[in-house]
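Student: I have just opened this structure and would like some help finding my way around. Could we go through it together?

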Amino acid sequence: MTVNTSSSDFVMHGARSALLSGLTHIEEQIKGIERAVTENPGLAFDLAKTVVESTCKTILSERSIGFETDDDLPKLFKKVTMTLPLLPAAASNETEARKTLAQTLNGLHTALQGVCELRNACGFASHGSAGPRPTMASVQALLAAQAADAIVGFVHRVHRQERQALQPQQPNRSQTVDKVIDGQYEPVDIAGQPYAVSEALFHTDPDAYLALAAAVTESQNIRDDLANKYPTAIQPDIESLSFVHFEETVLLKVKRRGEEMSLEDASFIINGVGDQFFSPNNSPDQNAKLFVTEFDSFSIINCFDFFTEEAKVRISEAQEKLNTGMIHD
């Protein structure tokens, strides 16, 4: 009976789990191994070594464990297994459990060394040789690929689980982040009910919420700086004024006593050459400083509403006198 073998027959389930859990840079290596097992078995050995090496280096880097650029794969793997909490906390004092774990690790080391030796002997793209190398069949390439898949899936899962245990299980919600997200995206429909995107993300995909939250940046509070520059001009219930950036959007955050804060678009303000006055290429603190030092009071009252009515009248009259004097001149 003939078995129809295609490049999709072998799937690296452990490595793909690591990919979905943050090890995104190994995606092409995974795809390459899955194809090479049947299409180019010799190349599978090289890629198996590469994907394990990439995983070990990533884990060591994320755990701030130093390694040399010329460290070979067994040495990198040993460092990984020495730093990872491979034994469950509940079994840390169990002699038999420790013995069994040591045997398991020895098996992984043996499998890893086998991958390296097969790669050196038969790898398609490994070190050059004086003569032709033996041709390896798909079944041997499959062994190397499966060993690499088991190693990558196991060590990255242990690494990830400990890091997750040290982090809060649920991110803290931010009113600023919620308002930014909900101002950018339309509500989503779930079972016929509209939900704000921030709420849906927070409860269904905390990692996605955190990713968006990380893109929201905020300046220091410039309320006191403006109050010093414009005495008695700021409305007394204003508690804070700051700039908030999200992607290309620049917003002025206004917090009033006893009320929810508001976000007002500052992207529409144009300078003399037609560019955004408060550029998204600046940091929020840079735009905040620009607001205090360069954005005049007449522009403030025409763009935002946090000055008192008396201050608005006073500023408008002063601007009218200035304009009249300029006309007479």
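**The sheet and its neighbours**

Student: In what order do the four strands of the open sheet lie?

Tutor: Happy to help, and do keep in mind that this is a predicted model. The four strands pair in antiparallel fashion. At the edges are β3 (216–218) and β6 (262–265), each of which pairs on one side only. From one strand to the next the twist averages 30°. Reading across the open sheet, the order is β3-β4-β5-β6.

Student: Which residue in β5 is the bridge partner of Phe-243?

Tutor: Look at β4 (residues 238–246) and β5 (residues 249–256), which run antiparallel and are joined by eight bridges. In β5, the bridge partner of Phe-243 is Leu-252.

Student: Which helix packs on the sheet, touching β3, β4 and β5?

Tutor: Try residues 284–293, a helix that touches those three strands. Its direction makes about 130° with that of β4. The helix you want is α11.

**A pair of helices**

Student: Is α8 parallel or oblique to α9?

Tutor: Helix α8 (residues 197–204) and helix α9 (residues 206–214) have axes 5 Å apart and pack at an angle of about 130°. That angle is why α8 counts as oblique to α9.

Student: How many residues of the contact of α8 with α9 are nonpolar?

Tutor: On the α8 side, the contact is made by Ser-198, Leu-201, Phe-202 and Thr-204. From α9 come Pro-206, Ala-208, Tyr-209 and Leu-212. None of these contact residues is charged and two are polar, while the nonpolar ones number six.

Key. Residues numbered from 1 in each chain as written. Predicted model: local features only at pLDDT ≥ 70, side-chain atom pairs only at ≥ 80, totals over all residues. Heavy atoms only, no water. Pairing = 2+ DSSP bridges. Helix = DSSP H or I, 4+ residues; strand = E, 2+ residues; numbered from the N terminus. Axes fitted to C-alpha atoms, helices over the stretch in contact; angles between N-to-C directions. Contact = heavy atoms within 4.5 Å. Parallel < 35°, antiparallel > 145°, perpendicular 65-115°, else oblique. Nonpolar A, V, L, I, M, F, W, Y, C, P; charged D, E, K, R; others polar.
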